[in-house]
Structures are given as structure tokens and as C-alpha cells.
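Here is a set of labels and the reasoning behind each. Take the questions in order.

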Amino acid sequence: FFNNLKANASELAQKAVENAKPLADKVKERAANIDTTKVREAVQSVGHSASEALTQARQAAEPQISQAREIASSQASKLSKVNAKSLLNAKANFGVPLEALAARDLEGNVLDDPVVPAALEAIISALEAKDQEGVSNYFVIQPKEEIVLPLVKAMDTELTEVDLSKYETQTLAALLRQWLVDLPEPMLTYSLYEQFLAAGTQTEDDQSVMREVALLLPEANWIAATRLLKYLNTIAKKDGKSVGKLAIAFGPALLRPRRRDGGPLRGLMEDLPGICDTAERLIQNGDTIFDLKEPAVPIAKESPAEE
């Protein structure tokens, strides 16, 4: 029985192969007649069309991409002006980047162009209203923290409600130095530290190099430094002996190095004589160094000697 079943199955399989052979031959014949060149051309044409469509889509989207880049750049610029304190308190005036302070008015409104920071202007104006006789002495007196710190807090809360005219000159002088010291980056910037120091310690009594360095300051820093140093220059003109005191009081607040391996104090103490010399020159010549601003001119560097 099994032998007969096996024989029948083998016979059926043979017939199936014979029946499928003509169909297989026809498929093979049709495949041989297909023009592969045309197939390749069709594929290439589709690929070229897709590439063109992609290029056109990119070109069409370029304005939106450029706009997105500009928005991202603008947002990044705004974020660079923000620190932890200004995030927690939008009205803060101490410990906030100078660029951010110069970008808003007394009421906290955002401005298109930088101005003298409201707190700095308020403090200097209050000092100018006082008797200027011997005012430089107040800048080197140890401040009373129990008076200064609450005043700082009040100005960080609502500057418009603080009446500085009722405070003594000593308190206002301490407040001005506190505002400068609290800046996250010194007014004359870390990036220009070495250049200011080099210009301030040169032996020649030529202020053109110092002015060239000052012109490299960011606009917000230039505006604030102009207001401060012209005020200090006015004090120095009234009392020539006061320049040294003012330089000691304001030098490290205006100009200080970045943190070094030994910590900020070590670098500051090493450079302190040069910092004070630089501050003295800036104060003595504040009215000319910080005259009307001109386009910044990079300091010429010596060309490397040809080998």
C-alpha cells in the first residue's frame, strides 16, 4: 500500500513540474525582454526629482530657519544677562550683571539702548547733592553693615521708594563701593584686565593707550564707567591729594583678575600696586579718557619677526 502511495505521489510531482515548466519559460522570456537601461533611467529620474524637491524645500524654508536662528541668538543673548539673583528678583540692583542693569530704566522697563544703571545713577546723584568737601575720606572709612545691608535690601526690593537724600555721605560712599563690588564681573571687565593694567603702569604720561583700551569696553560698561569716573575725577580736581585715596578705595572694585589657582585674593594682592596705579590714572584723566565715545580701535600688536 505504501509503495503504491509513494509511486502515485512521485508521478503527481513530476506532472506538476512538467505543467509549471512552460509558465516558467514564459516568465524567463519576458524578463529577458525587459530594457534594464530604461529601468535605471527611471530610477535616476525619480532620484533627481526627489533631490530637486529637497533642495527647493530647503530654499523655501531658509527664511524661517534664519529667523529661528536669530530668535535663538537673541534669546541666548538675553539669557547671558541673567543670573540667579535676577531670576529670583527682577527688580534687583545689586549682584546683577551690568549689561542687564543698563538695559532697564528706574521702573524696570526694558530699554532699546543701554543707560547708566538706575541704582548707580541714584547713588552718585545723592552724593553729588552732598557737601563735596573731603568726600574722598568717606570712601576709605569702614562702612556700618547694619546700615548699608538693609539699604541694599531696600534698593533690591523697590528702588523708587528709597530716599537716598536722608542718608549720610559715609553711608552713600559705602553703598557705591558695595554696588561695584557686588557686580558679577568688574566694571572694566575680566577680558580687558591685562590691557588696562599694562596701560595704567606704563612710564609715559600718555593717556591715548588707556583711552584705546577703554574704547574696547562693551557699551553698557562704557556708559557706567563714564558716569562713575567723571564723578571721581570731579572730586580729584577739587582736592588733588584725594586721588590716591580714591584709587585705593575703587581700584580693586573696578579692576580685578579672574580666579587663579591660589584663589582670587592671591592674584588681587599680587597685582594690587598696578591696580591702584591704573585706577589713579583713570580717575585723574577720567574727563578725557571717557570723553565722547568713538568707534573702538583695537590696540596695534607688533608683527612677529620674520625668520
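**Salt bridges and burial**

In this predicted model, Lys 237 and Asp 287 form a salt bridge, with their closest N and O atoms 2.7 Å apart.

Q: What makes Lys 237 and Asp 287 a salt bridge?
A: The cut-off is 4 Å between a side-chain nitrogen of Lys or Arg and a carboxyl oxygen of Asp or Glu. The closest N and O atoms here are 2.7 Å apart. Therefore the pair qualifies.

Q: Why does this pair tie together separate parts of the sequence?
A: Lys 237 lies in helix H10 and Asp 287 in helix H13 (residues 286-289), so the linked parts are 50 residues apart in sequence.

Q: Why is Lys 237 called exposed?
A: Exposed means over 50% relative accessible area. Lys 237 has 58%, so the label holds.

Q: Why does Asp 287 count as partly exposed?
A: Its relative accessibility is 28%. Partly exposed runs between under 20% and over 50%, so Asp 287 falls in that class.

Q: What makes Glu 158 and Lys 91 a salt bridge?
A: Their N to O distance is 2.6 Å. The limit is 4 Å, so the pair counts. Glu 158 lies in the loop between H6 and H7 and Lys 91 in the loop between helix H3 (84-88) and helix H4 (98-101), so the pair ties together parts 67 residues apart in sequence.

Q: Why is Arg 227 called buried?
A: Buried means under 20%. Arg 227 has a relative accessible area of 18%, so it is buried. Arg 227 also meets Glu 121 in a salt bridge at 2.8 Å, N to O.

Q: How do you know that Arg 256 has no salt bridge?
A: The nearest side chain of opposite charge, Asp 182, is 7.9 Å away. A salt bridge needs 4 Å or less, so Asp 182 does not qualify. The side chain of Arg 256 instead reaches backbone oxygens: that of Leu 183 at 3.0 Å and that of Ala 253 at 3.5 Å.

Q: What makes the phi of Thr 189 worth a remark?
A: Phi is near 70°, a positive value in a residue other than glycine. Most residues other than glycine have a negative phi.

Q: Why does Thr 189 count as buried?
A: Its relative accessibility is 5%. The cut-off is under 20%, so Thr 189 is buried. Thr 189 is among the residues touched by Asn 221.

Q: Why does Asn 221 count as buried?
A: Asn 221 has 9% relative accessibility. That is under 20%, so the label follows.

Notes. Residues numbered from 1 in each chain as written. Predicted model: local features only at pLDDT ≥ 70, side-chain atom pairs only at ≥ 80, totals over all residues. Heavy atoms only, no water. Buried < 20%, exposed > 50% of the residue type's maximum accessible area, 1.4 Å probe, protein only. Lys, Arg positive; Asp, Glu negative; His and termini not counted. Polar contact = N/O pair within 3.5 Å; in protein donor to acceptor, adjacent residues only side chain to side chain. Contact = heavy atoms within 4.5 Å. Helix = DSSP H or I, 4+ residues; strand = E, 2+ residues; numbered from the N terminus. Lists of a residue's contacts leave out its neighbours within four places in sequence.
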